[in-house]
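Colleague: I would like a close look at a single part of this model, and at what surrounds that part. Please take it step by step.

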Amino acid sequence: LSYARFVEQVYDEVGVLVVAAQIDGEVVVAPFATLDRIEETTVCFAIAPDQYALEMLSQKADWPSVFYRNRNRGWTQQDELHKRSDKGSPGPRASGSWSPPMCSFPEEMAKPLLAD
């Protein structure tokens with residue numbers, strides 16, 4: 001199931017708007033062009049009309065565990081890339097200079113949501 005189809009299906013069936021997904025450990029807003037397939041290890045982020053709607057979507061999986069496992073896998077991949085590019089340096093987390101990427105919501109994406 002593609003991300004686009006998943007977003008459409010979840011909105012049609014439950015009234016929940018999926019706005020982001022975790023890809024390689026990072027949260028990416030609206031990854032329509034980069035996420036080809038929703039898998040068991042895909043964690044999505046959504047806006048829902050109420051708690052019940054969110055619980056319907058998240059009841060099948062222990063998403064916090066999956067999120068942190070994905071995050072750690074992403075950190076490990078980043079460390080390995082830095083080790084290769086820095087010829088054996090300990091990587092960004094080991095040096096204390098690494099910080100997790102922040103997820104931002106571009107202002108231009110919010111404008112259609114705020115329109116009358």
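In which sense do β1 and β2 pair, and over how many bridges?

Modeller: This is a predicted model, and the strands are best taken together with their surroundings. β1 and β2 pair in the antiparallel sense, over four bridges. One of the partnerships joins alanine 21 to valine 28 in β2. The two strands form a hairpin with two residues between them.

The turn comes next. Aspartate 24 sits in the loop between β1 (17–23) and β2 (26–29), and its phi is near 50°, a positive value in a residue other than glycine. Most residues other than glycine have a negative phi. Aspartate 24 counts as exposed because its relative accessibility is 57%, against a cut-off of over 50%.

Beyond β2 there is another residue with a positive phi. Alanine 30, in the loop between β2 and β3 (44–47), has a phi of about 45° although it is not a glycine. With 26% relative accessibility, alanine 30 counts as partly exposed.

The hairpin also contributes to the interior. The largest nonpolar core has 11 residues, among them Val18, Ala21 and Ile23. Tyr3, Phe6, Val7 and Val10 belong to this core as well, as do Val16, Leu35, Ile38 and Ala53. α1 and β1 each supply at least two residues of the core, and the largest share, four residues, comes from α1. In soluble globular proteins, nonpolar side chains tend to be buried together.

Valine 18 illustrates the arrangement. Leaving aside neighbours within four places in sequence, valine 18 is in contact with Tyr3, Phe6, Val7 and Val10, and also with Cys44, Phe45 and Ala46.

Helix α1 (residues 3–14) also holds a charged pair: arginine 5 and glutamate 8 both lie in it, three residues apart, about one turn of the helix. They form a salt bridge in which the closest N and O atoms are 3.2 Å apart. Arginine 5 is partly exposed, with a relative accessible area of 38%, and glutamate 8 is likewise partly exposed, at 42%. The structure holds two salt bridges; arginine 37 and glutamate 39 form one of them, their closest N and O atoms being 3.1 Å apart. Side chains of opposite charge can pair when their charged atoms come close.

Glutamate 39 leads back to the loop that follows β2. Its relative accessibility is 39%, so glutamate 39 counts as partly exposed. The backbone nitrogen of glutamate 39 lies 2.9 Å from a polar atom of the side chain of threonine 42. Threonine 42 lies in the loop between β2 and β3 and is buried, since its relative accessible area of 17% falls under the 20% limit. Not counting residues up to four places away in sequence, threonine 42 touches Ala21, Leu35 and Arg37. Ala21 is the residue whose bridge partner in β2 is valine 28, and Arg37 is the salt-bridge partner of glutamate 39.

A word on confidence is in order. The protein chain averages a pLDDT of 76, and 71% of the residues score at least 70. Over residues 91–116 pLDDT stays under 50, and the model has 22 contacts beyond four places in sequence for that stretch. Where pLDDT is low, the predicted coordinates should not be read in detail.

Notes
Residues numbered from 1 in each chain as written. Predicted model: local features only at pLDDT ≥ 70, side-chain atom pairs only at ≥ 80, totals over all residues. Heavy atoms only, no water. Buried < 20%, exposed > 50% of the residue type's maximum accessible area, 1.4 Å probe, protein only. pLDDT = per-residue confidence, 0-100. Contact = heavy atoms within 4.5 Å. Salt bridge = Lys/Arg side-chain N within 4 Å of Asp/Glu carboxyl O. Pairing = 2+ DSSP bridges. Core = buried A, V, L, I, M, F, W, Y, C linked by side-chain atoms within 4.5 Å. Polar contact = N/O pair within 3.5 Å; in protein donor to acceptor, adjacent residues only side chain to side chain.
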